[in-house]
Amino acid sequence: MFARGLKRKCVGHEEDVEGALAGLKTVSSYSLQRQSLLDMSLVKLQLCHMLVEPNLCRSVLIANTVRQIQEEMTQDGTWRAVAPQAAGRAPLDRLVSTEILCRAAWEQEGACPAPGLGDGHTQGPVSDLCPVTSAQAPRHPQSSVWEMDGPRENRGSFHKSLDQIFETLETKNPSCMEELFSDVDSPYYDLDTVLTGMMGGARPGPCEGLEGLAPATPGPSASCKSDLGELDHVVEILVET
Amino acid sequence: MEEDIDTRKINNSFLRDHSYATEADIISTVEFNHTGELLATGDKGGRVVIFQREQESKNQVHRRGEYNVYSTFQSHEPEFDYLKSLEIEEKINKIRWLPQQNATYFLLSTNDKTVKLWKVSERDKRPEGYNLKDEEGRLRDPATITTLRVPVLRPMDLMVEATPRRVFANAHTYHINSISVNSDYETYMSADDLRINLWNFEITNQSFNIVDIKPANMEELTEVITAAEFHPHHCNTFVYSSSKGTIRLCDMRASALCDRHTKFFEEPEDPSNRSFFSEIISSISDVKFSHSGRYIMTRDYLTVKVWDLNMENRPIETYQVHDYLRSKLCSLYENDCIFDKFECVWNGSDSVIMTGSYNNFFRMFDRNTKRDVTLEASRENSKPRAILKPRKVCVGGKRRKDEISVDSLDFSKKILHTAWHPSENIIAVAGVQITYIYSRTRLTRWTSYYLIISHTEY
């Protein structure tokens, strides 16, 4: 079986990786593993988008995981655009190395897998490690538009709808991963895109009765979005009648 | 046995080529009725097969009744939603029996979108001696009739008919994951990822929405409903679980839309165990009230928890199902096994709980003695009256002879669905295409009571 075969390889690799890592004790390996997990999650979201009607629970859980990683990477200051080819590439060693991520926080030597939800650190041992992480995190070139924004923008951009992620994946070339997390602009709300109905269940703002015509809750980029939100709602009415 | 030969007509439409088992035979739900006399299974192909327990023979008191096929019918067909260009699977997600009130049986079966009420009834007599029809049913020329007679009921071969009595459709935008019959026997609820609807059995074109967690902006969606159930005695109370590991108890008397819970059950997170997979493995896949109504049991990826309804801040009992998987979460995330939804069940007296695992293993936990056992459901182990041997998974280095190492587990063989007889020690365990039924005698060991063959093999 797929899982069994992979496991056997994992065992072998894990031993090697463990041996190597035992001496490493640097943050960068953790970042690499975290990046692998992010890649894998994005691939999963993309794949499930290709199914006829994806499992909403699974999609939400994967999206939450992606969000978590992003938030932590932002905290570390290591967030950068995912390289286009990263999505397709899934080398065994990179995937295997993510085994490390499965371990509990306190087991990781030198790494700080803090919850990263932005609200401070609760445990002593973990908080000791965190400042070390921040200081040592390598500064990567900030190539994405994303990074130019202030922290508040970043946080707002995290809360992309599953819908937008799915629409991106559908309408764009899958290699344009960086656009996945950039601010939403008009292309996303093409009439065609909305009517395609790939994510039948996860449409924004259904119009049941009167509530639907109200503008969407203003987000960080409110002005642009509320107009598009209204358009979307109107289309939704048209589509559902 | 010297009894009459069982001449029940089995609906032959489900007989298939015996040489291979198709994906449509994958069992997706198992459920005993309230007396335990009937066991219903649903599969991915939309079929329901009902087994009935044989009456015990007077001459062989100690021999338990066996379960034989009683009825089989196609409950749901695949559909196509033209507006969204989506196919709607016919897979039966859940079956729930209604309490029996007379000689007919009623059950609810549901796929992702539509719930159906099925009536299963027996016919063992038929009228004979019509005046206007002859024995084959052909009409007779009235001119040829010279005498009149009164038709009489004569016994016939037992026939079991299943007819759809109600179809509850078009009420769910998302996939239905649960149905639950209310203790008032007049209403039931159906739950999908974001909403829960309340139905009256008599009314199919209307339902009440009692829970709606869909955010105004789908951007903000971070949590979905994973399971829901009515309280066994209080018809106003129900619970629903979420993908974030929380359970909400709601009282329908409080308001029409139960968006505000009456009780909120959540265990604080253990920071030392935190990883990127913490949320996924905390997602609750099943929630079940105890028969007493005092407790609820929840199943998440690695554990089963028992909660006291009177204590919201943590469960009273936690059982590790397969904690050795904790270090494998990344691989399990990669091959999607981490999203498997296991069910859990109580025994009749609420003293033992059971749930499934991988490698065809299933686990039982005795709440009183705190002992647990791992058993395997496989054809090799399931000869009639063969005793099931407890299994053990070896975690550390040295593997004993009978143990199996974590890396050798077969993750394609998962026991997701199990059921427990309401009053006896008989369990039904659904493998991929086979339902195993085991019973326990007065001895402590579980015996392989009876093997039910998959749908294809009849």
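Good morning. By the distance rule for sulfur pairs, the count of disulfides over all chains comes to 0. Two cysteines of chain B illustrate this. C235(B) is in no disulfide, and its nearest cysteine sulfur, that of C258(B), lies 13 Å away. C250(B) is likewise in no disulfide; here the nearest cysteine sulfur, again that of C258(B), is 5.2 Å away. A disulfide would require the two sulfur atoms to be within 2.5 Å. As to their surroundings, C235(B) is partly exposed, because its relative accessible area is 34%. C250(B), by contrast, has a relative accessible area of 0% and therefore counts as buried.

I should state at this point that the model is a predicted one.

Let me turn to chain B as a whole. What helices and strands does chain B have? There are 2 helices and 32 strands. The chain has 458 residues, and buried residues make up 54% of them. Its accessible surface comes to about 21,300 Å², with 49% of that belonging to carbon and sulfur atoms. If we take the contacts in chain B between residues at least 6 apart in sequence, 53% of them join residues at least 24 apart.

With so many strands to choose from, I shall take a few in turn, beginning near the start of the chain.

Strand 1 of chain B covers residues 27-32, and 5 of its 6 residues are buried, so this strand is largely enclosed by the rest of the structure. Strand 2, residues 38-43, runs antiparallel to strand 1, and 5 bridges join the two. Within this pair, V30(B) of chain B stands opposite T41(B) in strand 2. The two strands form a hairpin with 5 residues between them, and in the turn G36(B) has a positive phi of about 85°.

One residue of strand 2 merits a closer look, namely L38(B). Is L38(B) buried or exposed? Its relative accessibility is 0%, so L38(B) counts as buried. Leaving aside residues up to four places away in sequence, L38(B) touches a list of residues that includes F32(B), I50(B), F51(B), Y70(B), W97(B) and Y105(B). As for distance to another part of the chain, K125(B) is 87 residues from L38(B) along the sequence, and the C-alpha atoms of the two are separated by 22 Å.

We come next to a sheet. In chain B, 4 strands form an open sheet in the order 7-8-9-10, with antiparallel pairing. Which are its edge strands? They are strand 7, residues 94-97, and strand 10, residues 152-168, each of which pairs on one side only. Neighbouring strands of the sheet are turned by 25° against each other on average, direction ignored. Inside the sheet, strand 8, residues 105-110, and strand 9, residues 115-128, run antiparallel and are joined by 6 bridges. One example of such a pairing is F106(B), whose bridge partner in strand 9 is K119(B).

Further along the chain, I would draw your attention to strand 24, residues 352-356. Here 5 of the 5 residues are buried, so strand 24 is largely enclosed by the rest of the structure. A general point helps in reading this strand: side chains in a regular strand alternate between the two faces of the sheet. In strand 24 both faces are covered, with V352(B), M354(B) and G356(B) buried on one side and I353(B) and T355(B) buried on the other.

Strand 24 also has two hairpins to consider. With strand 23, residues 344-346, it pairs in the antiparallel sense over 3 bridges. There the bridge partner of W346(B) is I353(B) in strand 24. This hairpin has 5 residues between its strands, and D350(B) in the turn has a positive phi of about 65°. With strand 25, residues 361-366, strand 24 pairs in the antiparallel sense over 5 bridges. In that case V352(B) has D366(B) of strand 25 as its bridge partner. The second hairpin has 4 residues between the strands, and N359(B) takes a positive phi near 60°.

I close with a serine. S405(B) is placed in strand 28 of chain B, residues 404-405. What does its side chain contact? The side chain of S405(B) makes a polar contact with that of S408(B), at 2.9 Å. Not counting residues up to four places away in sequence, S405(B) touches C394(B) and R399(B). Thank you for your attention.

Key
Residues numbered from 1 in each chain as written. Chains lettered and ligands numbered in written order. Predicted model: local features only at pLDDT ≥ 70, side-chain atom pairs only at ≥ 80, totals over all residues. Heavy atoms only, no water. Buried < 20%, exposed > 50% of the residue type's maximum accessible area, 1.4 Å probe, protein only. Pairing = 2+ DSSP bridges. Axes fitted to C-alpha atoms, helices over the stretch in contact; angles between N-to-C directions. Polar contact = N/O pair within 3.5 Å; in protein donor to acceptor, adjacent residues only side chain to side chain. Contact = heavy atoms within 4.5 Å. Areas by Shrake-Rupley, 256 points an atom, 1.4 Å probe, with all protein chains shown as cover.
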